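I opened this model to take notes on its overall build first and on its backbone geometry afterwards. The entries below follow the order in which I looked things up.

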Amino acid sequence: MHTQSLNLLGQLTQVKEVRSARVSSWDQDGRNQDYWMIPAGGSVVLGDMEGPGSINHIWMTSFCRRVHGPSVMNPEWGGNIAPVNEIHNALGVTWESADPAWYRKVLIRMTWDDESHPSVLVPYGDFFCIGHSMPGNFASLPFTVSVKPEEQFKFGGVASVNCYLPMPFNKRAKIEIINENDVPFGLYFHIDYELYKQPLGDDTAYFHAQWRRENPCDGWGPNLQVNTPEVNQVANLDGEGNYVILEAEGKGHYIGCNLSVTHFQGSWWGEGDDMIFIDGEKLPSIVGTGAEDYFNHAWGMQKNAFPFHGSIVHESDVPGYQVSYRFHITDPVHFSESLKVTIEHGHANHLSDDWSSTAYWYQTLPSKPFGILPVEERIQRMPQFPSPGPLKPAALNEEMEESFRLAAERMDGYAKGREEQVQIKTDRVSWHSEGNIMQSKSVRDSFLSK
C-alpha cells in the first residue's frame with residue numbers, strides 16, 4: 001500500500017499500465033505543412049479515439065486573415081513555408097488583416113461515448129478563455145494563453161492556447177472544429193491522451209462546457225448609477241432575472257467559468273452577487289457578496305492571473321472590456337439532481353451590459369442537450385471608427401485610371417493563385433483527419449493486444 005501524502009505531482013512516482021498517444025495537425029506527408037486549413041463553412045474531425053481513455057492536454061494555435069488587396073509576392077512562394085505573415089501593411093508588400101471575430105465564428109465540439117449530442121459546444125476563443133475575441137496573456141492551472149505584445153488585446157490577434165483539464169471517455173472521444181466563418185482559417189493542434197485496459201467506473205464524471213450570452217442583459221435601471229441609494233434599496237433574494245452561467249441536470253460538480261463583460265455605463269459593472277441553486281432549491285443556498293468577490297478579487301478587479309482566479313482583460317487595458325475567470329478546482333460545487341449558477345448584472349440586475357460566459361463542469365452521462373447562439377449573435381461588440389461621410393468626386397487623369405486598372409488586374413491574378421493554394425491545403429484536411437482516426441485505432445489495438 002502506498003503511504004505517500006497527497007501531492008499534486010505524486011502520480012509521477014508510480015508506474016501505470018497506460019498507453020500515451022496524440023492526434024495532431026502534423027504533416028502526414030513528412031514535410032513542414034503542419035497545420036490544417038479549415039474551409040469556410042466546413043467542419044473537420046480532429047480526432048475520434050476509442051476508449052477507455054482520457055484526454056489530458058490540448059494545445060492549439062490558429063490564424064484567420066482577410067485579404068484586402070494583392071500582395072507583391074507570388075502566393076505559390078508561400079505554399080511550402082510556415083504561414084507567418086507579419087509584414088506591416090504600411091510597407092506595401094501585403095494588404096490584409098486578421099478577421100476580428102473569428103474566435104467567435106469557429107466552434108469546438110466534443111462528444112463522449114454513445115451520446116447523440118455534444119458535451120462541449122463553445123466558440124473556440126471562449127473555450128480557452130479568450131473573451132471578446134481579444135487574447136491576453138494569462139496562466140491558470142487548467143488554461144493558459146500566450147500572446148505576443150503586438151497581438152495582445154487585439155481583436156482576432158493570434159495566440160497559443162492550452163487546456164489541461166482531464167476529459168475521460170469510456171467508449172469514444174470525438175473532437176470536432178466547425179468553421180462558421182465565410183473565410184478559411186489555419187489550425188495547428190495537439191490533443192494528448194492516454195488509454196487504459198480496464199473500463200472506467202460507473203461513477204465517472206465526464207467533462208462539459210457550455211457558452212451563453214445576453215446582449216444586452218435585461219436591466220431595469222441602466223440609467224441609474226451603480227452603488228447609489230436608489231439602486232441599493234431594491235431587494236433580490238430569489239435571483240429572478242440574474243444572468244445564468246449554467247443550468248445542468250444530473251449528478252456532478254461545477255468547476256468554474258470565464259466571464260466577458262462589455263460595460264456601457266462608464267461606472268462599475270460588477271456589483272451583483274453570485275447565487276447558486278442546488279438540486280432544485282427555490283432560494284439559493286450559496287450566495288456571494290459581489291462579482292469581484294466571486295472572482296476572488298476585492299474593491300473592483302485587479303490586473304493579475306492566479307492558478308484559480310484572475311483577470312485576463314482588465315478595464316484599464318481596454319476601456320469598457322473585462323474578461324475574468326474563477327475555477328473551483330479545490331472547491332467544486334456538487335449537485336445530485338440539478339444545478340443553476342447565476343450572477344446579478346449590477347445590484348438586483350439593474351444594468352444592461354453585454355455578458356457572455358463559458359461554464360465548465362463534470363457530470364455522469366447522459367447529460368441534458370444544449371445548443372448555441374447562431375454565429376451572427378455571437379460576434380462581440382467592437383468600437384467603430386466614424387465614417388468620413390460622402391466623398392467629393394475626384395477627376396481622374398489617365399495615369400490615375402491606369403492605376404485602378406492595374407490594381408484590379410493584379411488582384412485578379414493574386415486572388416486566383418491564393419485560392420489555388422488554399423484549395424490544396426483544404427483538400428488535404430479530410431485524409432489527414434482520416435489518418436488521425438486510423439492512427440488512434442492502430443495505437444489502441446496494439447496496446448490492448450499486449
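**Notebook: fold and backbone**

I began with burial, and found that 51% of the 450 residues of the protein count as buried. I keep in mind throughout that this is a predicted model.

Next I looked up the secondary structure, which comprises 24 strands and five helices. I then asked how the radius of gyration compares with the globule rule: it is 24 Å, close to the 22 Å that the rule gives for 450 residues, so the protein is as compact as a globular protein of that length. Along the principal axes, I noted that the C-alpha atoms fill a box of roughly 80 × 70 × 35 Å.

For the contacts, I restricted myself to pairs with a separation of 6 or more, and of these 78% join residues that are 24 or more positions apart.

I turned to the surface after that, where the protein exposes about 22,000 Å², with carbon and sulfur atoms supplying 55% of this area. Counting charged side chains, I recorded 57 negative and 35 positive ones, and the centres of the two sets lie 6 Å apart.

**Cis peptide bonds**

Which peptide bonds leading into a proline did I note as cis? One runs from G51 to P52, with omega near 5°, and I placed P52 in the loop that links β3 (43-50) to β4 (53-63). Another runs from L365 to P366, with omega near 0°; here P366 belongs to the loop between β24 (354-363) and α5 (398-448).

**Positive phi outside glycine**

I then looked at residues other than glycine with a positive phi, and wrote down S133, whose phi is near 55°. S133 sits in the loop between α2 (124-127) and β9 (138-139). Is S133 buried or exposed? Its relative accessibility is 0%, and because buried means under 20%, S133 counts as buried.

W299 was my second entry under this heading, again a residue other than glycine with a positive phi, near 55°. I located W299 in the loop that runs between α4 (291-294) and β20 (309-313). Its relative accessibility is 86%, and since exposed means over 50%, W299 counts as exposed.

Setting the two entries side by side, I note that phi is near 55° in S133 and near 55° in W299, whereas S133 counts as buried and W299 as exposed.

Technical notes. Residues numbered from 1 in each chain as written. Heavy atoms only, no water. Helix = DSSP H or I, 4+ residues; strand = E, 2+ residues; numbered from the N terminus. Rg over C-alpha atoms; globule rule 2.2 N^0.38 Å. Buried < 20%, exposed > 50% of the residue type's maximum accessible area, 1.4 Å probe, protein only. Contact = heavy atoms within 4.5 Å. Areas by Shrake-Rupley, 256 points an atom, 1.4 Å probe, with all protein chains shown as cover. Lys, Arg positive; Asp, Glu negative; His and termini not counted. Charge placed at Lys NZ, Arg CZ, Asp CG, Glu CD.
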